[in-house]
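Biologist: I'm new to this one, and I'd love a close look at a single chain. Could you walk me through the surroundings of its ligands and the way its helices pack?

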Amino acid sequence: MSDKTITFTIDEVEVKARPGQTIMEAADEAAIYIPRLCSLKGLSPFGACRVCTVLVNGRPQSSCTQPAAPGIVVENASERLHDIRQDIVEMLFVEGNHFCMFCEKSGNCELQAMGYRLGMMEPKYPRLWPRRELDASHPDIFIDRDRCILCARCIRASREQDGKHILGFLGRGPHKRVTPDSSDGLVQTDAAVADAAVAACPVGSLMRKRVGFGIPIGQRKYDHRPIGSDIESGAEVPDERK
Amino acid sequence: MDETLKKAVEEICQARGNDAGAMMDIVRQVQARFRGVSEEAIDLIAAQCHVPRVDVAGVVSFYAFLSTASKGQVVIRLCDDVIDRMYGAVAIAEAFSHELGIEMGQTTPDGKITLEWAPCMGLSDQAPAALVNDVPVTHLSTDKARHLIQSLRRYMDPSRLVERLGDGNNAHELVGAMVMNNVRKVGPVIFAPLGPGEAMKKALAMSPAEVIRDVKTARLRGRGGAGFPTGIKWEFTRAAAGSKKYVLCNADEGEPGTFKDRVILTEQPDLLAEGMAIAGYAIGADEGILYLRAEYAYLRRFLEQVLQRRREAGLLGKDVCGKKGFNFDIRIQMGAGAYICGEETSLISSCEGTRGDPKNRPPFPAQKGYRGCPTVVNNVETFCCAARVLEKGAGWFAQLGSPGSAGTKLLSISGDCLRPGVYEVEFGIKLTEVLRMAGGQEAQAVVVGGPSGQIVSAADFERPICYDHLATGGSLMIFGPQRDVLEIVEHFLDFFIEESCGYCTPCRVGNVLMKERVARIRSGKGELADLGYLERLGQTIKTASRCGLGQTSPNPMLSTLRKFRSAYDSRLVQQAGPFQSAFDIQAALAQAKEVQGRASVLFSGERHHR
Ligand SMILES: Cc1cc2nc3c(=O)[nH]c(=O)nc-3n(C[C@H](O)[C@H](O)[C@H](O)COP(=O)(O)O)c2cc1C
Ligand code: SF4
Ligand code: SF4
Ligand code: FES
């Protein structure tokens with residue numbers, strides 16, 4: 001590495017980074033997993049889910065947006081942060097309507113996998129049972145907003161990778177929701193089944209139709225290894241879409 | 001296609017160069033003209049400005065003063081502040097509803113009048129208050145509410161609701177408001193007179209670096225809440241790369257219980273303009289933007305005239321004050337009803353014409369702010385202080401106040417006291433002294449710094465108001481012994497739920513969860529374990545939220561858990577043994593039924609499929 005290399009520590013382990021890298025990128029290359037949901041390799045950082053919160057010199061920061069800097073002391077795998085992350089994941093569960101036992105994303109779902117990884121049992125929070133609209137207007141793709149975690153991965157992938165803008169956000173606060181770029185459903189946009197946007201959804205919200213159970217439960221991505229294990233095993237940073 | 005709409009939208013967009021950066025002005029104007037920004041209008045704006053329609057729809061849906069549905073010719077916004085509630089806002093809402101035959105949130109069938117709640121509109125010292133279109137109506141009573149509706153029915157003219165003009169510039173022909181300044185204590189910094197250009201001329205005789213040095217020597221810190229040293233902020237912005245820089249004045253004043261910026265805008269707009277120009281000179285900016293909250297739209301024409309007068313006097317524009325090469329002008333950017341836009345990066349998003357989401361930091365505004373250029377964002381009062389520092393000298397300013405907190409502070413005092421209003425006090429003053437001045441000695445609790453601040457009890461009344469003890473951006477709400485602190489906490493949580501931008505999980509969801517549990521305790525169904533639950537939840541929200549809103553929204557709950565513990569304890573269900581006595585079997589069964597009803601809906605195809 002060049003003399004511009006940044007050196008810092010994560011949980012007392014020395015980590016190196018190149019200028020411009022985020023703490024999360026540097027951690028990935030050092031085979032240290034920082035839990036995340038809205039971050040996806042290849043997309044601009046967004047900083048929305050807050051699952052990747054770490055302490056930088058004692059101050060909370062989202063590691064997916066925070067640049068690595070020389071000499072910083074990063075706390076990641078502590079009990080305190082584990083609890084915070086578990087709280088956040090539980091918030092996401094109760095905020096939507098998640099019925100994993102009959103969701104076609106089960107086993108491939110990053111939210112579910114994160115729940116398992118963080119040792120979540122039943123959420124400690126009451127379910128909010130929101131009423132959310134389904135958009136099944138498109139012949140090949142549907143949006144089941146019950147499962148949406150508002151991570152904007154679809155929105156970013158559409159704009160940054162597909163060169164389209166099939167979706168955006170409406171409303172604010174608890175009323176915030178994804179919406180297609182039309183007043184009349186996804187079918188009125190140029191969304192296509194092969195869009196990076198569709199593959200970018202971490203949960204069962206933006207989904208391809210008719211392939212739900214193509215891969216049987218039991219043989220799915222997170223059925224055998226917890227989310228994050230490929231990073232921890234030092235493999236190249238995975239694209240969670242594959 | 002509606003041809004009138006099409007033509008109007010095209011004109012509105014073209015008048016702003018079809019610039020999506022001017023989206024706030026565009027949608028505000030369409031809203032004013034057509035009483036809403038319809039789906040069709042959204043399509044037209046998107047086509048005209050070459051942006052995705054979903055982005056335009058995203059903006060319209062973000063701001064409370066904008067709507068896709070058409071609103072009434074007259075919109076009555078009744079202030080939902082906790083102080084207004086204490087002074088009978090609910091009864092007034094009922095009077096309005098009854099008189100109009102509609103519920104809050106509805107429009108009369110003839111499309112004439114819309115009735116809705118709105119968060120604090122900066123009039124807590126003359127509560128209960130409402131905005132009727134742009135016109136503030138203060139000191140409402142149920143009788144007045146009925147008369148108001150009768151007048152509207154008859155004339156459909158909100159300006160006729162102003163019976164008596166307020167004091168000072170509230171009576172100015174371009175303001176014409178019944179609002180009162182209620183300035184109870186004038187101090188040497190904000191409310192002292194200033195000759196035209198007096199502060200600017202002194203600044204322009206120095207180098208920009210010297211101006212910054214003076215602001216630093218004066219130990220001026222931000223008055224908007226966070227208290228960042230102003231000189232250092234200016235220095236960073238000056239040093240940041242880029243030839244184009246901006247000065248942004250934060251006149252969003254959304255923190256409930258704060259109204260001192262309104263009084264500055266009404267009485268000392270020249271002092272503010274001088275401060276902004278001085279900042280422009282110091283950092284090397286030629287453009288200033290005054291972001292004015294939508295609730296203060298009634299001050300806009302007056303402020304425009306102030307700016308115009310200054311241009312004509314050579315105090316704005318080209319070669320300001322005769323200083324060759326120093327050009328600086330100020331324009332007003334209107335907001336559209338969003339507390340979060342007071343957060344400095346949201347303010348920038350809003351000025352850029354997008355949803356008022358905060359931005360990721362770094363980069364900080366001083367590095368990359370408005371339109372990617374280095375930008376200084378300061379509160380109204382901060383700019384005024386800076387102008388005074390330059391006029392009277394850094395040493396003069398620094399000797400006012402206390403060691404860590406130089407100068408004076410404007411307090412907006414409201415609630416259970418005899419003399420609500422604006423007080424200019426020196427930092428370091430004890431809260432008891434402030435309560436005495438305001439006639440609020442009976443206080444049981446004082447909310448210092450608004451809902452995002454803290455709720456303190458008598459044990460803290462001897463502490464001083466300053467950055468290191470009782471810090472406040474200006475809001476001081478007084479609550480007498482008859483008030484229920486849990487009701488206040490719950491009300492503040494409602495405010496945060498509505499005003500969260502919804503970007504990040506802990507704030508978007510966490511506030512809803514906090515409110516649920518506080519409400520449960522308040523209704524007498526809480527149990528001991530709920531207190532630990534709330535404590536942990538509050539800490540998670542504070543730690544993990546993305547911006548200042550979520551990082552502070554648990555404060556009222558957490559501070560009362562400590563200082564008003566008995567308010568919680570006394571309402572808990574008494575537990576005998578380890579059983580959850582708070583578990584209500586009937587409620588659970590009702591819930592299960594509801595859940596089941598919904599589950600069957602899932603499969604009956606009743607849900608909305610598009
Ligand atoms: C949710 C939220 C709302 C805010 N509202 C305001 C406001 O209305 N006015 C203001 O001056 N600062 C407000 N702030 C603080 C600004 O982010 C910023 O710190 C301030 O404008 C900087 O100016 P100062 O240094 O002069 O205080 C708010 C912050 C947050 C997190
Ligand atoms: S649809 Fe999927 S990708 Fe898009 S915001 Fe929702 S959860 Fe994220
Ligand atoms: S804390 Fe998060 S959701 Fe709340 S206002 Fe800030 S960015 Fe938005
Ligand atoms: S992964 Fe960093 S905030 Fe979501």
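**Ligands and helix pairs**

Modeller: Happily! A backbone N or O atom of Gly342(B) is 3.1 Å from a nitrogen atom of ligand 1, a polar contact (N or O atoms within 3.5 Å). Please keep in mind that this is a predicted model, in which local features need pLDDT of at least 70 and side-chain atom pairs 80 or more, while totals for chains, interfaces and linings use all residues. Residues are numbered from 1 along each chain, chains are lettered from A and ligands numbered from 1 as written, and side-chain values use heavy atoms, without hydrogens or water.

Let's stay with ligand 1 for a moment. Gly224(B) also takes part through its backbone, with an N or O atom 2.6 Å from an oxygen atom of ligand 1. Asn379(B) uses its side chain instead, placing a polar atom 2.7 Å from an oxygen atom of the ligand. Both residues are among the nearest of the 19 around ligand 1 (a heavy atom within 4 Å), together with Asn250(B), Asn378(B) and Thr382(B).

Now for ligand 3, which has 13 residues around it. Four cysteines, Cys501(B), Cys504(B), Cys507(B) and Cys547(B), are among its closest neighbours, along with Gly550(B). By class, its shell holds eight nonpolar residues, four polar and one charged; Asp, Glu, Lys and Arg count as charged, Ala, Val, Leu, Ile, Met, Phe, Trp, Tyr, Cys and Pro as nonpolar, and the others as polar.

The helices (DSSP runs of H or I, at least four residues) come next. In chain B, helix α1 (residues 3-14) packs against helix α3 (residues 39-49) at an angle of about 40°, with the axes 10 Å apart. That makes the two oblique (not under 35, over 145 or 65 to 115 degrees). From α1(B), the contact (heavy atoms within 4.5 Å) includes Leu5(B), Val9(B) and Cys13(B). On the α3(B) side, Ala41(B), Leu44(B) and Ile45(B) are among the residues taking part. Seven nonpolar, two polar and three charged residues make up this contact.

Further along chain B, helix α12 (residues 269-283) and helix α13 (residues 300-312) pack at about 60°, again with axes 10 Å apart. The pair α12(B) and α13(B) is therefore oblique too. Here Pro269(B), Asp270(B), Ala273(B) and Glu274(B) of α12(B) touch α13(B) residues including Phe302(B), Leu303(B) and Arg309(B). This contact has five nonpolar and four charged residues, but no polar ones.

Key:
Axes are lines fitted to C-alpha atoms, for helices over the stretch in contact, and angles run from 0 to 180 degrees between N-to-C directions. A polar contact is a pair of N or O atoms within 3.5 Å; within protein, one must be able to donate a hydrogen and the other to accept it, and residues adjacent in sequence count only if both atoms are side-chain atoms.
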